[in-house]
Amino acid sequence: MKIRTHEKHATKDEELVALMVPLQAGEWHGCLAEALWAEKVERGYLLRSSPFHAFDLAAEDIVAASEIGGVLTFEKVIERGGGSNYRLVSERGAAALADRLEALEELEVSYEISDTLIALDVPPQADLDAVYGLLVDGEEEGAWTFEEGHVSEDAA
């Protein structure tokens with residue numbers, strides 16, 4: 001089974017767990033599931049990584065999960081964190097996109113990179129119209145293709 005995993009990024013006071021998100025057949029790049037990092041909180045699990053493959057999720061969402069066959073598995077979203085998630089595919093690699101990624105960072109966007117995939121975490125306070133404009137410009141200029149993983153209704 002092909003499963004996409006993320007690097008673990010935790011501060012000293014966070015204890016993160018791997019949370020498996022099953023994917024629909026035929027979704028991104030042949031993966032059957034994606035393992036996201038999450039922090040156990042009172043109401044469920046707070047997502048701490050940006051999905052590369054799973055749709056309708058974003059970093060900082062609180063989700064419900066249960067253990068299935070010894071694996072913590074996503075069930076549903078309990079509360080939205082207010083952020084949005086976009087995925088870029090670029091054959092150029094991150095180094096060639098440094099200026100474009102820096103422009104996104106200036107809009108408070110953070111990202112994770114894996115080979116030719118880039119998962120963008122757009123926080124709720126970011127100017128989503130400006131972010132989207134940069135994404136469209138990059139696509140029109142051949143830097144990447146992109147798609148929406150989840151766009152928050154609460155975006156600024």
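## Buried or not?

Buried means under 20% relative accessible area, exposed means over 50%, and partly exposed covers what lies in between. Keep those cut-offs handy while you look at this predicted model. Take Phe146: its relative accessible area is 15%, so Phe146 counts as buried. Tyr132 comes out at 35%, so Tyr132 is partly exposed.

## Rings that meet

Those two residues belong together for another reason. The structure has three aromatic pairs. Tyr132 and Phe146 make up one of them, with ring centres 5.5 Å apart and 85° between the planes, an edge-to-face arrangement. Quick tip for reading that: a pair of aromatic rings is described by the distance of the centres and the angle of the planes.

Where in the chain do Tyr132 and Phe146 come from? Tyr132 is in helix α2 (residues 128–140), while Phe146 is in strand β10 (residues 145–150). They are 14 residues apart, and the pair links distant parts of the chain. There's a third ring to look for as well: ring pairs link Tyr86 with Tyr132 and Phe146 into a cluster.

## Charges over rings

Which ring does the charged end of Lys40 sit over? That would be the ring of Tyr45, with the charged end 4.8 Å from the ring's centre. You can find another case at Arg100, whose charged end sits over the ring of Trp144, 5.8 Å from the centre of that ring.

## Strands side by side

Now follow the strands around Lys40 and Tyr45. Strand β3 (residues 33–41) and strand β4 (residues 44–47) run antiparallel, joined by four bridges. To get from β3 to β4, the chain goes through a hairpin of two residues. If you want a spot to zoom in on, try Val41, which stands opposite Gly44 in β4.

Strand β4 has a partner in β5 (residues 62–68) too. How many bridges join β4 to β5? Two, and these strands also run antiparallel. Here, Leu46 stands opposite Ile62 in β5.

## A buried glutamate

Last stop: Glu112, which lies in strand β8 (residues 110–114). Is Glu112 buried or exposed? Its relative accessibility is 13%, and since that falls under the 20% cut-off, Glu112 counts as buried.

The side chain of Glu112 has a neighbour to check out. One of its polar atoms lies 2.9 Å from the backbone nitrogen of Ser50. So when you click on this residue, look for a buried side chain position in β8 and then for the nitrogen of Ser50.

Definitions and conventions
Residues numbered from 1 in each chain as written. Predicted model: local features only at pLDDT ≥ 70, side-chain atom pairs only at ≥ 80, totals over all residues. Heavy atoms only, no water. Buried < 20%, exposed > 50% of the residue type's maximum accessible area, 1.4 Å probe, protein only. Polar contact = N/O pair within 3.5 Å; in protein donor to acceptor, adjacent residues only side chain to side chain. Pairing = 2+ DSSP bridges. Phe/Tyr/Trp six-rings, centres within 6.5 Å; stacked < 30°, edge-to-face > 60°. Lys NZ or Arg CZ within 6 Å of the ring centre and 35° of its normal.
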